[in-house]
Amino acid sequence: MGELRLMKGNEAIAEAAIRCGCDAYFGYPITPQSEILEYLTLQNPEKTTGMVVLQAESEIAAINMVYGAAACGKKALTSSSSPGISLKQEGISYIAGAELPAVIVNVVRGGPGLGTIQPSQSDYFQSVKGGGHGDYKLIVLAPNSVQEQYDFVKLGFDLAFKYRNPVLILSDGAIGQMMEKVQISDFTPRWTEEEIVQMTGSWATHGKPETRKHNIVTSLNLQPEPQEEHNHHLQRKYKEIEDNELRYEKFFCEDAEYVFVAYGTSSRLCQKAIQLGREKGLKLGLLRPITLFPFPKKQIKMATKKAKAFLAVEMSAGQMVEDVQLAVKGKRPVKHFGRYGGMIPMPDEILEAMEELIAKVEKKEAKKAQKKAKKKAEKEAKKQKN
Amino acid sequence: MSISIQDIIKEENKVFSKTKLLTDKVFSYCPGCGHGVAHRIIMEVIEEMGIVNQTIGVAPVGCSVLAYDFMDIDMQQAAHGRAPAVATGISRVFPDKYVFTYQGDGDLAAIGTAETIHACSRGENIIIFFINNGIYGMTGGQMAPTTLEGMKTSTSPHGRDLHQMGFPIKMTEIVAQLDGVQFATRQAVHTPSAVRKTKKAVKKAFENVKNKKGVSFIEIVSNCNSGWKLAPVKANEWMEEFMFPVYPIGDIKG
């Protein structure tokens with residue numbers, strides 16, 4: 001095991017890339033994630049592990065450099081923040097269409113437009129519902145600590161190559177900028193040229209040897225029939241990912257009557273709100289999706305057995321809450337609480353929102369009980385009359 | 001005494017054979033189009049240099065989007081205009097391989113201008129082939145940045161008006177200013193001598209990659225019979241008369 005280090009979330013991404021055998025990073029400065037590029041250029045891993053680091057002329061160029069390197073079977077990484085990620089969407093769609101493995105980091109800031117440089121979670125729709133054009137899915141990992149920020153780089157590459165699919169690490173400005181202790185892993189050597197050919201020789205472009213046909217990396221089919229077939233193949237792959245790669249965490253859910261659903265920074269804030277609520281005797285819990293695609297639909301549905309209501313807490317105007325509602329299917333009330341545009345809610349604000357929800361549910365329950373009692377009494381009275 | 005067909009097709013009488021690096025797939029290009037010849041000479045040079053197992057090409061969006069169907073080498077297809085960025089990604093992770101892009105004027109000089117300029121400025125060790133026919137061929141003959149003054153296209157139906165639509169852009173002259181560019185030349189493929197000169201330039205470009213000299217930028221002024229609405233021979237005459245004065249043939253740098 002490696003050492004324990006105090007690190008900034010953005011630095012953790014960079015250090016993890018160097019240590020997990022990443023071949024190339026292509027990026028462009030944007031707050032609040034510029035430390036990734038700065039850290040990498042300072043470390044200059046080209047001299048140690050051979051990892052290429054290049055500042056591109058734009059986010060568009062950076063994602064297309066990732067396309068080129070990934071199509072060679074190399075482990076390629078890029079990072080940006082919300083406005084820059086919007087620019088990358090064309091490239092991400094091409095990478096998904098051509099089925100290339102790549103890892104993309106979004107250290108989310110407040111929007112829309114140029115927005116703010118403060119943390120936000122308002123890119124959920126963009127991350128899990130497409131973002132770019134066409135029917136495609138990214139595997140979306142949502143870290144809530146600097147340690148996970150570090151660990152998800154390697155996990156991201158593992159999943160990206162397992163499924164030949166782009167992986168998005170959906171972080172936010174708070175996790176990117178905060179410092180926490182991180183367990184650093186040992187160096188994993190980059191794949192050798194022989195290993196790359198062995199692992200990716202069936203599809204990647206290495207230069208055509210006489211022993212095989214030429215490899216072509218493209219997302220184009222001029223005819224609709226093969227394109228539909230390609231889409232069927234992609235959908236089968238996404239189903240497989242849903243079956244195998246779901247990750248989530250439960251926090252105080254065993255006896256919880258009221259459940260928060262939150263990811264990333266919001267999930268950390270909910271943990272504190274749960275602690276404050278439990279001190280007051282409220283049975284609160286948290287269901288934290290770690291993968292946003294796949295989304296823990298079944299786990300949320302199962303939670304309706306015990307939980308009386310759900311509160312989706314997001315630093316957005318309400319995006320993930322729609323997926324929670326779809327999972328709950330109207331069986332229980334699902335509400336949203338969020339601060340956004342770069343604002344971070346305080347745990348007591350979150351608790352207050354939950355208490356409001358609890359009060360509403362209890363009032364409704366009391367009304368229902370009252371009605372039931374009244375009906376019962378009327379029935380009894382009728383019986384006696386007869 | 002007349003020579004029979006059997007005598008003519010004897011191996012020792014053979015004066016030309018198609019390079020092995022062109023597939024047998026029928027070109028999707030219009031009859032008379034310069035793409036076929038440009039494809040052939042690039043593939044011939046790769047075969048002659050024996051570097052097929054070290055070469056990766058990048059196809060653009062445009063008529064040559066399907067170049068990978070005809071070139072029997074490992075290839076990637078890039079998003080519109082992004083080929084130089086894609087080639088940068090390849091060349092950076094495979095610094096010892098031969099990487100080239102093959103792009104049209106809409107791809108390279110309009111939507112991909114930034115990628116073109118910056119790949120050239122960084123001196124990426126790649127070749128950029130730039131096929132300039134002054135029009136968007138694939139989408140049906142719209143105005144390109146390189147469309148000549150007064151030239152009629154489907155989006156400049158009254159002819160390109162310089163006041164409204166600006167001037168034709170001369171990319172090779174622009175990139176020749178950049179220190180990362182080792183070799184910038186403008187050639188054509190409409191006559192045997194032009195083909196020979198272009199092939200020489202192609203060879204030089206691949207030698208430059210071998211010697212890690214930075215960007216080699218080869219513009220090939222070409223025709224578009226369909227877009228120009230001219231028969232192939234007429235199109236070539238028109239090209240000589242009107243395209244060459246604006247896009248003069250010859251080496252600009254290196």
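1. In this predicted model, strand β7 of chain B, residues 181–188, is joined by seven bridges to strand β8 of chain B, residues 215–221, and the two run parallel. Within this pairing, B:Ala188 stands opposite B:Val221 of β8(B). Seven of the eight residues of β7(B) are buried, so the strand is largely enclosed by the rest of the structure.

2. Both of these strands belong to an open sheet of eight strands with mixed pairing, and the order across the sheet is β9(A)-β2(B)-β1(B)-β3(B)-β4(B)-β8(B)-β7(B)-β9(B). Its edge strands are β9 of chain A, residues 216–217, and β9 of chain B, residues 250–253, each of which pairs on one side only. A reader new to the structure may wish to look at the place where the two chains meet in this sheet: β9(A) is joined by two bridges to strand β2 of chain B, residues 74–77, and these strands run parallel. There, A:Val217 has B:Gln76 in β2(B) as its bridge partner.

3. Which elements do the buried residues of α1(A) pack against? They pack against β1 (4–8), α2 (34–43), β4 (76–80), β5 (102–108), α6 (146–163) and α7 (173–177), which are elements of chain A. The helix itself spans residues 9–19 of chain A, and because 10 of its 11 residues are buried, it is largely enclosed by the rest of the structure. The buried residues include A:Glu15 and A:Arg19, along with A:Gly9, A:Ala12 and A:Ile18. Just after α1(A) comes A:Gly21, whose phi is positive, at about 85°.

4. The largest pocket has a volume of about 370 Å³, and its lining is made up of 19 residues, among which A:Ser93, A:His133, A:Ser219, A:Leu220 and A:Gln227 lie nearest the centre. Helices α4 (82–97) and α9 (224–244) of chain A are the elements that give two or more residues to this lining. Sorted by class, the lining holds nine nonpolar residues, nine polar residues and one charged residue.

5. A search of the whole structure, over all chains, finds zero disulfides, and two cysteines can serve as examples. The sulfur of A:Cys253 has its closest cysteine sulfur in A:Cys270, at 11 Å, which is too far for a bond; A:Cys253 counts as buried, at 15% relative accessibility. For B:Cys30, the closest cysteine sulfur is that of B:Cys224, and since the separation is 6.4 Å, this pair too is too far apart for a bond. B:Cys30 has a relative accessible area of 37% and is therefore partly exposed.

6. Is B:Thr23, in the loop between α1 (5–8) and α2 (35–49) of chain B, buried or exposed? At 18% relative accessibility it counts as buried, because the cut-off for that class is under 20%. Apart from its neighbours within four places in sequence, B:Thr23 is in contact with B:Lys18, B:Asp69, B:Phe70, B:Met71 and B:Asp72.

7. A:Pro289 is part of strand β12 of chain A, residues 284–289, and is buried, with a relative accessible area of 0%. If residues up to four places away in sequence are not counted, A:Pro289 touches A:Ala142, A:Arg247, A:Tyr248, A:Val261, A:Ala262, A:Tyr263, A:Phe295, A:Pro296 and A:Met320. The C-alpha atom of A:Pro289 is separated by 12 Å from that of A:Val321, a residue 32 places from it along the chain.

Definitions and conventions
Residues are numbered from 1 along each chain as its sequence is written. Chains are lettered from A and ligands numbered from 1 in the order in which they are written. This is a predicted model: local features need pLDDT of at least 70, side-chain atom pairs count only at pLDDT 80 or more; totals for chains, interfaces and linings use all residues. Side-chain values use heavy atoms; hydrogens and water are left out. On a 1 Å grid over the protein atoms alone, a cavity is a set of points where a 1.4 Å probe fits but cannot get out, and a pocket is an open set with protein on both sides within 12 Å along at least five of seven lines; lining residues have an atom within 4 Å of a point. Grid points are joined across faces, edges and corners, and a volume is the space filled by probe spheres set on the points. Helices (H or I, at least four residues) and strands (E, at least two) are DSSP runs, numbered from the N terminus. Ala, Val, Leu, Ile, Met, Phe, Trp, Tyr, Cys and Pro count as nonpolar, Asp, Glu, Lys and Arg as charged, and the others, Gly among them, as polar. A disulfide is a pair of cysteine sulfur atoms within 2.5 Å. Buried means under 20% relative accessible area, exposed over 50%, partly exposed in between (1.4 Å probe, protein chains only). Two strands pair if DSSP finds at least two bridges between them. Contact means heavy atoms within 4.5 Å.
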